[in-house]
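I opened my notebook with two helices and a pair of domains to look up. Come along and follow the entries with the model on your screen.

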Amino acid sequence: MELELLTLFVMDTIVFFAIYLLVSVGLNIQMGYTGLPNFGIVASVAGGAYTVGWFVGRFAMMIYGIEGMDFINNNAYVVTQINAKLANDHLTAIMIFLLTMGLVIIVGMALGFITAYPAIRLSGDYLAMTLIAMAEAVRVIGIGFSPIAGGTLGVQVPDPFAWMGKMRYFGVIILILTISIITFLMVQLIINSPFGRLLRAVRDNEVTAESIGKNVVNVKIKAMILGSILASIAGALYSFYASATIPAAFTRYDWTFWAWLMMMVGGTGNNIGVLIGTLLVVLMRRLIAFYKFSLAAFLPFEPLWLELIGLGLVLILIMIFKPQGLLAEKPTRVRGVKSD
Amino acid sequence: MSVILEINKLVKKFGGLRALDGVSMKLYDGQITLIIGPNGSGKTTLINCITGLYKPDEGRIIYNGNDITGMQPHEIAKLGLVRTFQIPMSFQKLTVLENLLVAYNKNPGESLLWSIFKGKWLKNEKEAREKAYKILKLLQLDNVKNRLAQELSGGQMKLLEIGRALMSDAKTLLLDEPAGSVAPTLAHEIFAHIKRLRDELKLNFLIVEHRLDIAADYVDYVYAMSSGKVISEGYPNEVFNDPKVIEAYLGG
């Protein structure tokens, strides 16, 4: 269907806001609340996406009895066949979607557990470096080992929403937004509780926390797992939205550094702040993506550099003027207890 | 009187340095025990070994009949043995009230799974608050309960340290210089609090302190340490007038 540029812009902003919200909030849980500098969160995002790329097509092939073809090598043909079937079978399609998301959550937990290993033993810069390295390993494996998600070329993913027909574009975006908001609200339930308070205590002083009987190792593992689950869901939703998983697309630049910017702009340790930060940063990025060539006349440099300049400029401004972010961290608002 | 904490020939080495060189002590139920000694005599190392921050090289530590030698710090804390730090280590970006609430150990809301279901932990949270308010009042910190811990004065931070230890249902508190770098009037108040807590809540205290002049009025038994060994023990007056102790403190 023909879409006006403005509609495209709005819908694009919405879907990327919804997807990035999960990544930045996941990061906020690990870094903002628990003090674990996860510069490797792209690993969890990629993990979710790889799961979708690996599982959906093969599972659908099994259900529909498509044999004699290799999912990776005959990808386009197989996916076209599957989509034709899915377009008329919305019940199976939804079942496949739910099953995949369940698997994505499990993969997110596993990746969170693995990345927790260095988080327990290292801190500060050394932890950050180790997590970057682990994330890079995930990316290299995905790009190099094609059975996972097509390696350098990536794979197309069958569309469990093909039955939406003409409304597919809008339908999927609204669905992703809904999933994102509901997940966000659930995270808020978890954070606005004694558990949220415990995370901040462990962040502020591990030794003291141990000395009053808290199992700090377990707390860190839980924080990494929770953040990783959210990031993996985001990666999976992105793959469903694009109907493709391309391992090369999950770069540190896109999924770690932009997410960090969203968290820092919004306010580390404040999920509402991070929501606002994500919205603002995604908006800025979309504006640049859509309108940078219109601005070419006014820019003393190539409009293609605008996005990179934007990232650097916002980062510098935040560090100078509002290092805590737009919304400061507040005491945990434990539900059900009135604060005085 | 029963022995609540027994330390048997504890040895802790850091490379060639024997920070603890065969230290033995007995703490009795209901007592306030004082450990004195010049800097570097091993007092804080002893507390770190007892509470699990360090693993001793030789010797046993027995608390309430349990051998706690080499246990993890959080496991020891759960048994009711809690310590404070020489330099107050509070949770800086948490409020005073939150500092206390975190120390409450029976809150199922602190588990990731149960945190979603308010019903599972609301009662415990409310209990924790009641207890915290009482302790805040006892230590006269209730007017700063919503301030961040990092905004407190030094003396208030010391009181918060003790308050936190109290929240955690500790039966035995190891206080590392509770009156350190604090004005004499406040130091007396702190010790008066400690004595009151021993009387009212039946708690045991092992206190490391330099201010002999202030501590003397409040303690039941004293151990003096120097260079990793116990050089004297007994009632306050005996130990303070022991020539070995005087020599250790004044150098030689």
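How many residues does helix α4 of chain B have, and what distance does it reach from its first C-alpha to its last? I kept in mind that this is a predicted model. I found 17 residues, 122-138, in α4 of chain B. The helix reaches 24 Å from end to end, close to the 24 Å expected at 1.5 Å a residue.

Next I looked up which residues of α4(B) are buried, and I noted B:E125, B:A128, B:A132, B:I135 and B:L136. Seen down the helix axis, these buried residues fall within an arc of 100 degrees, so they line one face of α4(B).

Then I turned to the face away from that buried side, and there I met the exposed residues B:K123, B:E130 and B:K137.

What do the buried residues of α4(B) pack against? I listed α3 (96-103) and α5 (154-167) of chain B, together with α8 (194-204) of chain A.

Just past the helix I checked B:Q140, which follows α4(B) and has a positive phi, near 55 degrees.

For the domains of chain B, I wrote down domain 1 as 3-89 + 168-250 and domain 2 as 91-151, as the domain assignment gives them. Their centres, taken over C-alpha atoms, are 28 Å apart.

Last, I went over to chain A for helix α13, residues 306-321. Its 16 residues should span 22 Å at 1.5 Å a residue, and the end C-alpha atoms are 22 Å apart, which agrees. I also noted that α13(A) is hardly covered, with one buried residue among its 16.

Methods: Residues are numbered from 1 along each chain as its sequence is written. Chains are lettered from A and ligands numbered from 1 in the order in which they are written. This is a predicted model: local features need pLDDT of at least 70, side-chain atom pairs count only at pLDDT 80 or more; totals for chains, interfaces and linings use all residues. Helices (H or I, at least four residues) and strands (E, at least two) are DSSP runs, numbered from the N terminus. The expected span of a helix is 1.5 Å times one less than its number of residues. A residue is buried if 20 or more other C-beta atoms lie within 10 Å of its own, exposed if 12 or fewer, and partly exposed in between; C-beta atoms are placed from the backbone. Domain bounds come from an automatic or database domain assignment. The arc is that of the directions from the helix axis to the C-beta atoms. Two residues are in contact if their C-beta atoms, placed from the backbone, lie within 7 Å.
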